[in-house]
Every structure is written in structure tokens, then in C-alpha cells.
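Student: Could you show me how to read burial and charge on a protein surface? I would like the general idea, then the case at hand.

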Amino acid sequence: MIYLDNAATTLQKPESVKKTMMQAFDTCTNAGRGGYKGAIAASEYVYTARARAAELFGAKSVEQVVFTQNATHALNIAIKGIAKRGNCVISGYEHNSVVRPVAALKNIGLTWSVASGRLFDCESMLKAFSASIKRNTHFAVCTHVSNVFGYILPIKEIDDLCYKKGVPLIIDASQSAGSISIKLTELRATICICAPGHKGLYGPQGTGILVCREGEKLKTFVEGGTGSVSAEIWQPEFMPDRFESGTQNVPGIAGLSEGIAYVSERGVNSIIEYERELIEYIASELVRMPGVIVYAAKDSSLQGGVLSFEIEGMSSETVAEQLAESDIAVRSGVHCSPLAHKTVGTARGTVRVSVSSFTTENDIETFLDRVRHIS
Amino acid sequence: MKGILLTSRSATYAQHMKKILEQNRIEAKIVRPDIELTKGSCAYAVNISQTFLPEAIDALRLNRVPPVRVILIDNRGYKEINI
């Protein structure tokens, strides 16, 4: 199979991910729940993963890293932890993992404004964000990279703007974690970075990361056993226990740890350079095909490893289906981001191609040949 | 078990303490302290030799991971040490 749906989840992982997961599966019991070998081994795997994630995301201490089930889980913790009656601002490129938790908070009196800047236009994004922040805005959420168009939003400038306006920012790093550097220590308004473990960090599905500046201040919506201060009926206030109730996915976290090690060793800059090269090539070839509409940035530094396109007269589903017949996996439809499609005006959906550091030039050539044939 | 027990908030803190101590060449082992030492809660502690207590406390404080309690364990039993 030629796999080009890495924005959903990466399929090819470093060998060390699988190997370490199996080791953890065979040797680890419940982390933080015992003093015997298997429990201590589990805690060590989890601690190592935490330390690697802290380094990658610029957390000042390992305790600022929380392991979650996925990015959606991390975003829910962050959004529901800070939300109260008032307003929040979200970008016009948010995934339903942001839109739905925000909408669900309508019942506590939360309203939301959408900052809809034009695609690949950072200035218009910043203006929209600035205009959307009101006196009663008490937090903002912004994706780092659009999961539909690969648009890299001006996150540092948005962070600066939020800082100046005294608005805490939550960043959805679902499409950037592992390929674009994002560090809590380099941001001022950002209180949380939310990331999946199974995409650009090359961990297994069922893993995610929340990096939290002052997690002690966030409300919890899941409480339970943490293996700490267990005589108390109250959830621990300290991190990361505050948000890690119940048994952890130790084999998954052990695998994620190796994925992060792979990314750190190869270097996020080297990964994005490689992915960008592939995306630029795909875009340059697609635009030459009659009837193909390509959503590519003129300035390639504004696009990550994701690209959307359409073929005139064909639905995105039909295109994806025809590619699937040749064992080429791409994504069709609205990609759980109807808001992004509304912002750009592609409500019927697009065909999305997304690459990883394991995608080869041959994969791309085969994909392009097939699209030429379809179009 | 003898020596010093440095109790921690959780398994994560115990691991963090152990790493810092090892970086400072202080041998440390993660253990489960008796429940009477942790206000009736399950918890973790790091066991070190009494010889290294001052260096251990300095290193942990410097890295902002101070122990919750410092307990001396000898043949007579437990004794909390104020640091």
C-alpha cells in the first residue's frame, strides 16, 4: 500500500517503537501502583517518555507533561479545564476536536468567536484574531497547522498577541508535533500544547500528550485513582497526577517514547524539510494536470506535510475511491474540519494527501501517475 | 531497609528524584514506604544512604523536586528529620 494519510495517523513507525512496545507488554505491570519489579519498570518507561516529551516541547519540568489517549483528549482537558462563562476565540481552521468541546460548553455560558483569516495569509489571520478578542474573552484556541490544508498558522505571533491582550492560549499541535518545533518555553501566552502520539511523533494509536504550563489551575473532568495521596477523597492538585487517573497505556507510552527519540535524533527541521520537498513536488505536478485544483502555498514555508486538491467534476470520495483501487490511501471529505472548509470555501470537501518521514519519492510518483490517469 | 527515605508526591516525582540523585552520583532506590509514613496514602520514596543526605537535599532543592518528608530508618525504627 502507498500510504498518504499520515495526517490521520502514521502507519510506518521506527522499528524501535514496535520492539519497545513488545518489551513493555511482556515486562510491565501498572505504573505507579506497586514497588515490585514490573511496576517500577513501568514507571521507568513512563518517566523516560515524559522526559523526552518535556525536552521536545520545551517543558520546564517533566511533571508538566501529561499522557492522554490522543490529542482530542488533551484538548478536552485543556479547554474544559479553563472554560467558564464568557467568550473564547478559535481560529477558522480548527478541527472538531476543538469546535465540539467548545460548543459543548454553551451550557455554562461560553460563547465563541471564529477568527477566519484567508488561507496562507498570516497577516489576515493575525488581524482576524486581534479583532475577535473581546473584553470578555478569557481564552483562545488555535491550531498550529491546518489538518486540511497544511497551512502553518503564525502561532508565535498569535501567542504574542494573546499575551499582550492577557488571553491564555491553547495550541493544537496535532499536525505539527514532530515536524515543526514548538516549545512552551518560547511562548508567553500559551498554557497548553496538545498533541497526538500517533502522528508525527510516530507512537502507537491511543497515545497523546498534553504539555501544561500551570496545570494545577485547570479544573478536572475525570477523577480517580492516581497511586498518590490515596487516603484523600480529592483529586491531587499536583501535576501530572491531576490529569492521569486510572491505569496508563504503558506499552503505548513506551512506544511513543521511542517515536519521540526517533524524531529528536533525526531532528524536526530535517523532517519538515523532507516533507515540504515532497509536498512542493506534488503541488508542482498537480497544477499541471487539467481540471485539478490545488491548495498550495506560494510561499512553501507556510505549508507543512499536508496538501488538499480537487478534481473538477468529481467528488473527493470518488477520487479517493479510485486511488484506493490502486492501493493508494488518501483521505476524502471534510476531514473532521467543516470549519476549515467553511473558511476556505471548500464545503464539498477535498482530497487530502499527507506525507511522513517514511514516504518515498516512488510513493509520490506512483500516486501522481494514478491521479493523471483519473483526471 | 535502613538509611534515609525521601518520600515523594507520586511515582513521577520519585523517578525524577532518583534521576537527579543518580546524576549527582548518589545511589538511590525507589521503594514503597510504610503507609504510616505517608498519612495513610499509597506513595513512593527514594532510599539513600545517610552519608549522602546533605548533598541529596541540595541537589533535589536545586532541581525543585524536594522530598515531602525525610525519614531516618535504623534499628530503633523511624525518625523524621527536619531539613
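Tutor: Gladly! Let us start with the terms: a residue counts as buried under 20% relative accessible area, as exposed over 50%, and as partly exposed in between. Keep in mind that this is a predicted model.

Student: Is A:Glu365 buried, exposed or partly exposed?

Tutor: A:Glu365 has a relative accessible area of 32%, so this residue is partly exposed. Its place is in helix α11 of chain A.

Student: Which residues gather with A:Glu365 in the patch of negative charge?

Tutor: On the surface, A:Glu365 is joined in that negative patch by A:Glu273, A:Glu277, A:Glu280 and A:Glu361. Two elements of chain A, α8 (268-286) and α11 (361-374), give two or more residues each. The most come from α8(A), which gives three.

Student: And how do I read the sides of a helix?

Tutor: The general idea is that an α-helix has 3.6 residues a turn, so residues three or four places apart point the same way. Now take helix α9 of chain A, residues 316-325: A:Ser316, A:Val319, A:Ala320 and A:Leu323 are buried there. Because they cover an arc of only 95° around the axis, they lie on the same side of α9(A). A:Glu321 and A:Glu325 are exposed on the other side of α9(A).

Student: Which residues are buried in helix α2 of chain B?

Tutor: In this helix, residues 53-62, the buried ones are B:Leu53, B:Ala56, B:Ile57, B:Ala59 and B:Leu60. Down the axis of α2(B), they fall within an arc of 165°, so they line one face of the helix. The other side of α2(B) has B:Pro54, B:Asp58 and B:Leu62 exposed.

Key:
Residues are numbered from 1 along each chain as its sequence is written. Chains are lettered from A and ligands numbered from 1 in the order in which they are written. This is a predicted model: local features need pLDDT of at least 70, side-chain atom pairs count only at pLDDT 80 or more; totals for chains, interfaces and linings use all residues. Side-chain values use heavy atoms; hydrogens and water are left out. Patches are made of residues with over 30% relative accessible area and no salt bridge: like charges are joined within 9 Å, nonpolar side chains (Val, Leu, Ile, Met, Phe, Trp, Tyr) within 5 Å. Accessible areas come from the Shrake-Rupley method with a 1.4 Å probe; for residues, only the protein chains shown count as cover. A salt bridge is a side-chain nitrogen of Lys or Arg within 4 Å of a carboxyl oxygen of Asp or Glu. Lys and Arg count as positive and Asp and Glu as negative; His and the chain ends are not counted. The place of a charge is taken as NZ of Lys, CZ of Arg, CG of Asp or CD of Glu. Helices (H or I, at least four residues) and strands (E, at least two) are DSSP runs, numbered from the N terminus. Buried means under 20% relative accessible area, exposed over 50%, partly exposed in between (1.4 Å probe, protein chains only). The arc is that of the directions from the helix axis to the C-beta atoms.
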